[in-house]
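Visitor: I would like a close look at a single part of this model. Please choose one place in the chain and stay with it until its surroundings are clear.

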Amino acid sequence: MSEQPLRVVQARANGDNLKPLRAGKRVRYVRRIDQIPQIPPELAARLGPVAERYVFRANNYYLGLIDWEDENDPIRQLIIPREEELRDWGRLDASNEAAITPVRGVQHKYTDTVLLLCNEVCGAYCRYCFRKRLFMDENDEVTKDISEGLRYIESHPEVSNVLLTGGDPLLMSTRRLVEIFEALRAIDHVRVIRIGSKMPAFDPWRVKNDETLLAAFRKFSTPGKRIYLMAHFDHPRELTEPAIAGIDACIRNGVICVNQCPMIRGINDDPGTLAELYSTLSYIGCPPYYLFQGRPTAGNEPYEVPIVQGWRIFQEALNRGSGLARRARFCMSHETGKVEILAVDDERIYLRYHQAKDPTDLGRFFVRRRNDEAYWLDQLEPV
Ligand code: SF4
């Protein structure tokens with residue numbers, strides 16, 4: 001790629017000012033902070049070591065969503081590194097995913113769902129990513145050769161859902177994706193193929209301009225066995241006209257769309273922002289599914305919101321939307337399961353296992369002492 005600074009596309013969130021990217025034109029990627037002309041050289045120099053520790057990548061379309069006049073712009077927070085990321089905080093594998101990895105590239109935590117980690121690259125890198133370890137050189141949790149993973153799924157008839165993840169599966173070639181769809185559809189007990197992707201936010205043209213991919217969606221997302229797109233929009237400004245068109249292309253070609261995202265400080269930790277995100281997602285046919293409490297992942301301290309504060313923001317956002325905009329559950333993806341934060345009162349936090357690693361925990365309701373500073377389940381004392 002060129003080492004010249006990119007001409008960053010100035011795009012408004014409503015998408016009316018996206019002329020520089022013609023339909024069919026691929027976005028241009030940028031991998032170095034000093035290639036972004038809006039970032040002064042001295043700041044770029046200070047951010048260099050952060051990007052060396054936790055990889056940076058973006059593209060001209062996504063950078064064009066940033067209001068560079070606003071130091072606290074939410075899209076800027078999402079994609080541009082911050083020096084505070086280097087503070088000693090959290091663990092790289094905060095939910096101990098290594099413990100649920102039976103073979104390379106496979107995670108199996110909940111009975112009916114298996115994760116296939118089939119790609120270790122994303123369209124851009126969210127600064128708060130909980131899987132940032134996958135993008136580091138020493139990582140070997142992802143494999144492009146999924147044959148062992150397929151054998152694992154084949155030998156587990158209880159697996160009805162397979163989530164393609166990583167990394168972002170929509171960064172793989174369409175030919176490779178089609179091969180994976182074919183292989184999974186040959187396994188009778190796999191009913192749902194999920195694609196976990198932020199490409200509709202980072203590069204909406206990836207989906208909407210790829211006729212071969214859309215044809216594959218029509219072929220492999222059938223009335224009895226659907227493909228789901230687990231989209232990842234964090235802020236309403238990401239829902240530009242092309243992004244909405246990308247979701248529309250998925251829906252029109254048989255894919256069911258839902259959205260999941262974490263609550264992130266400086267990005268969506270505001271009831272009005274979250275309510276607008278949820279309402280717009282419901283209008284475009286990609287309703288909210290999960291809101292995740294940020295995992296205590298190394299490098300993520302500047303992006304974390306305490307549980308109690310997050311729960312209040314979430315409740316207030318839910319009060320503002322229609323029923324379709326209120327379908328999200330606020331959960332922690334803890335090592336022991338998906339723990340839903342149900343309620344908070346003056347003294348306690350009320351929780352429930354929405355999913356559980358140990359099936360006997362499934363649905364279990366439990367109570368912890370309220371702690372307004374806590375970010376994670378392990379910091380909450382039993383009552
Ligand atoms: S798209 Fe997902 S996997 Fe990729 S950097 Fe963002 S949060 Fe991480």
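Guide: Helices and strands here are DSSP runs, numbered from the N terminus; a helix has at least four residues and a strand at least two. With that, take Phe 233. It lies in the loop between strand S7 and helix H9, which covers 241–252. Keep in mind that this is a predicted model.

Start with burial. A residue counts as buried if 20 or more other C-beta atoms lie within 10 Å of its own. Phe 233 has 23 such neighbours inside 10 Å, so it is buried. Across the protein chain, buried residues make up 46% of the 383 residues.

What does Phe 233 contact, once neighbours within four places in sequence are set aside? The list is Ala 201, Glu 238, Leu 239, Asn 259, Cys 261, Leu 277 and Leu 281. Pro 200 is another landmark: it is 33 residues from Phe 233 in sequence, yet 8.2 Å away in space, C-alpha to C-alpha. For the chain as a whole, residues 24 or more positions apart account for 75% of the contacts with a separation of 6 or more.

Now step back to the strand before this loop. S7 spans residues 227–231 and runs parallel to S8, residues 256–262, with four bridges joining the two. One pairing can be named: Met 230 has Val 258 in S8 as its bridge partner. Strands of a sheet pair through backbone hydrogen bonds, in a parallel or an antiparallel sense.

S7 and S8 belong to an open sheet of eleven strands, in the order S3-S4-S5-S6-S7-S8-S9-S10-S11-S12-S13, with mixed pairing. S3 (106–110) and S13 (365–369) stand at the edges; each has a single partner strand, so one side of each lacks a neighbour in the sheet. Ignoring direction, neighbouring strands of this sheet are turned by 30 degrees against each other on average.

On the other side of S7 in that order comes S6. S6, residues 192–197, is mostly covered, with five of its six residues buried. S6 pairs in the parallel sense with S5, residues 161–166, over four bridges. There, Leu 163 has Arg 194 in S6 as its bridge partner.

Beyond S5, look at another loop. Gly 167 sits between S5 and helix H5, which covers 174–185. The peptide bond from Gly 166 to Gly 167 is cis, with omega near 15 degrees. Most peptide bonds are trans.

Gly 167 also leads to the ligand. The residues around the ligand are Cys 122, Tyr 125, Cys 126, Cys 129, Arg 131, Gly 167, Asp 168, Lys 198 and His 232. This shell divides into four nonpolar, two polar and three charged residues.

Last, the whole chain. The secondary structure comes to eleven helices and 13 strands. The radius of gyration is 20 Å, close to the 21 Å that the globule rule gives for 383 residues, so the chain is as compact as a globular protein of that length. Along the principal axes, the C-alpha atoms fill a box of roughly 55 × 50 × 45 Å.

So keep this view of the chosen place: Phe 233 is buried, with 23 C-beta neighbours inside 10 Å, in the loop between S7 and H9.

Notes
Residues are numbered from 1 along each chain as its sequence is written. This is a predicted model: local features need pLDDT of at least 70, side-chain atom pairs count only at pLDDT 80 or more; totals for chains, interfaces and linings use all residues. The radius of gyration is taken over C-alpha atoms; the globule rule is 2.2 Å times the number of residues to the power 0.38. A residue is buried if 20 or more other C-beta atoms lie within 10 Å of its own, exposed if 12 or fewer, and partly exposed in between; C-beta atoms are placed from the backbone. Two residues are in contact if their C-beta atoms, placed from the backbone, lie within 7 Å. A residue is near a molecule or strand if its C-beta atom, placed from the backbone, lies within 6 Å of it. Ala, Val, Leu, Ile, Met, Phe, Trp, Tyr, Cys and Pro count as nonpolar, Asp, Glu, Lys and Arg as charged, and the others, Gly among them, as polar. Two strands pair if DSSP finds at least two bridges between them. Axes are lines fitted to C-alpha atoms, for helices over the stretch in contact, and angles run from 0 to 180 degrees between N-to-C directions.
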